[in-house]
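This briefing introduces a single protein structure to a reader who has not met it before. Please view the sequence and the structure first, and then read the notes that follow.

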Amino acid sequence: MKRSAYLLLVVLSLAAIAVAEGTLSINGAGATFPYPMYSKWFDEYHKKDANLQINYQSIGSGGGIKQVTEGTVDFGASDGPMNDEQLKAFQDKHGFAILHFPTVMGADVPTYNIPGVNAELNFTPESLAGIFLGKITKWNDPAIAGANKGVNLPGNDIVVVHRSDGSGTTYIWTDYLSKVSDEWKNKVGKGTSVNWPVGLGGKGNEGVAGLVKQTPNAFGYIELIYAVQNKMPYGKVKNSSGTFIKADLAGVTAAAAGAAKDMPDDFRVSITNAPGKTAYPISSFTWLLIPAKFSDSSKRDAMKGFIKWMLTEGQNQTEALSYAKLPKEVVSKEMKSLNSIQ
């Protein structure tokens, strides 16, 4: 009996080892902007392929770019595309490229915590730039009050909150501000990290959302899903056509309409301040950063399999989490680009 039990234990142990050896792990890191979507996708895809485990660290786009270029992860993720200098440095060092694959579209929203004010506020490009430049310091400043007739805004100081880490959400926000404000463009510019003129820093979308929620008179920017999930108020933004638009799926889709038809081959494109009466102006694609060459063919095939699923079945899960589906033209183009991964 003891011998039988021992043999059974050995068999079970060997089976467990075989199962473990059959499990493939792929590691990624980067943007917090799409993290709720990626978490859902990786979980759903694991149900389809129990032998594949995709692990993802939500550390910000700057960290994602750093880790994928240093080779410490299998893929990165960013809401701000890598620049020419970053891409060239990687190509020169490794002899192959990093490819950008759009995954979903989302929006940055201005969120606030003003005690006693429950109204949905309107923000002009001038007021947003002025707040983050430190030139508009009071909630009842004419630049804000003028767009919010009938709202009793207090004379309290605005507590500006921004990201402290390298962030694609910041890239989108500063890319927008650079398009609507020459002063911002010349003094601060766009990037995943910038030298902020004013404000407190929070790590990740989670950190900024937390700071705004707990700080009276705070104002910050977060990805739409974080405002929705945390039940935080967020304002309308005046778009390039002069219409105040509240971020939603339709507004993000409208912002991408023009870019989808003329998408560059490398998929690096900005859709902030897009034309169109219904376009939400602080919208963006977000990208997976995939090395064009994998030394491990099993990881390569698994990564390509996931991306193909993400571009098809996965797109049907986006809207429930407040992300917009990719335009069909972009999906078609990405399917062809999968052949570039070797």
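**Strand pairing**

Val 237 faces Ile 245, a residue of strand β10, as its opposite partner. The model described here is predicted. The points below take up its sheets, its nonpolar core, two buried residues, its salt bridges and its largest pocket.

**The sheet of β5, β9 and β10**

- An open sheet is built from 3 strands in the order β5-β9-β10, with mixed pairing.
- Its edge strands are β5 (122–123) and β10 (244–245), each of which pairs on one side only.
- Strand β9, covering residues 236–238, is joined to β10 by 2 bridges, and these two strands run antiparallel.
- As general background, the strands of a sheet pair through backbone hydrogen bonds, in either a parallel or an antiparallel manner.

**Strand β6 and its partners**

- Strand β6 spans residues 159–163, and 4 of its 5 residues are buried, so the strand is largely enclosed by the rest of the structure.
- With strand β8 (residues 218–223), β6 shares 2 bridges, and the two run parallel.
- Within that pairing, Val 160 has Phe 219 of β8 as its bridge partner.
- With strand β7 (residues 200–202), β6 shares 3 bridges, again in a parallel arrangement.
- Here Arg 163 has Gly 202 of β7 as its bridge partner.

**The nonpolar core**

- The largest nonpolar core comprises 105 residues, and Phe 132, Leu 288, Phe 306 and Ile 307 have the most contacts inside it.
- Strand β4 (residues 98–113) supplies the largest share of this core, namely 8 residues.
- Apart from neighbours within four places in sequence, Ile 307 is in contact with Phe 101, Leu 288, Ile 290, Leu 338 and Ile 341.

**Two buried residues in helices**

- Phe 42 belongs to helix α2, and Phe 42 counts as buried because its relative accessible area is 7%, under the 20% limit.
- Neighbours within four places in sequence aside, the contacts of Phe 42 are Ile 54, Tyr 56, Phe 75 and Phe 306; Phe 306 is also among the residues with the most contacts inside the largest nonpolar core.
- Thr 170 belongs to helix α7, which covers residues 168–180.
- Thr 170 counts as buried because its relative accessibility is 1%.
- Neighbours within four places in sequence aside, Thr 170 is in contact with Arg 163, Gly 191, Thr 192, Trp 196 and Tyr 221.

**Salt bridges**

- In general, side chains of opposite charge can pair when their charged atoms come close.
- The structure contains 19 salt bridges.
- Arg 163 is paired with Asp 165 in one of them, with 2.8 Å between the closest N and O atoms.
- Arg 163 is buried, at 2% relative accessibility, and Asp 165 is buried as well, with a relative accessible area of 11%.
- Glu 44 and Lys 40 form a salt bridge through their side chains, at 3.3 Å from N to O.
- Both Glu 44 and Lys 40 lie in helix α2 (residues 35–48), where they are 4 residues apart, about one turn of the helix.
- Glu 44 counts as buried at 18% relative accessibility, whereas Lys 40 counts as partly exposed at 36%.
- A network of salt bridges links Lys 40, Asp 43, Glu 44 and Lys 47.
- Lys 187 and Glu 183 are joined by a salt bridge between their side chains, at 2.8 Å from N to O.
- Lys 187 and Glu 183 are separated by about one helical turn because they stand 4 residues apart in helix α8 (residues 182–187).
- Lys 187 is exposed, with a relative accessible area of 62%, while Glu 183 is partly exposed, with 26%.

**The largest pocket**

- The space in the largest pocket amounts to about 260 Å³.
- Helices α3 (61–70) and α4 (84–94) are the elements that give two or more residues to its lining.
- The lining consists of 15 residues, and those nearest the centre of the pocket are Gly 71, Val 73, Asp 74, Pro 291 and Lys 293.
- From Pro 291 to Phe 42 the C-alpha to C-alpha distance is 19 Å, and the two residues are 249 residues apart in sequence.

Conventions
Residues are numbered from 1 along each chain as its sequence is written. This is a predicted model: local features need pLDDT of at least 70, side-chain atom pairs count only at pLDDT 80 or more; totals for chains, interfaces and linings use all residues. Side-chain values use heavy atoms; hydrogens and water are left out. A nonpolar core is a set of buried Ala, Val, Leu, Ile, Met, Phe, Trp, Tyr and Cys residues joined through side-chain atoms within 4.5 Å. Buried means under 20% relative accessible area, exposed over 50%, partly exposed in between (1.4 Å probe, protein chains only). Contact means heavy atoms within 4.5 Å. Two strands pair if DSSP finds at least two bridges between them. A salt bridge is a side-chain nitrogen of Lys or Arg within 4 Å of a carboxyl oxygen of Asp or Glu. On a 1 Å grid over the protein atoms alone, a cavity is a set of points where a 1.4 Å probe fits but cannot get out, and a pocket is an open set with protein on both sides within 12 Å along at least five of seven lines; lining residues have an atom within 4 Å of a point. Grid points are joined across faces, edges and corners, and a volume is the space filled by probe spheres set on the points.
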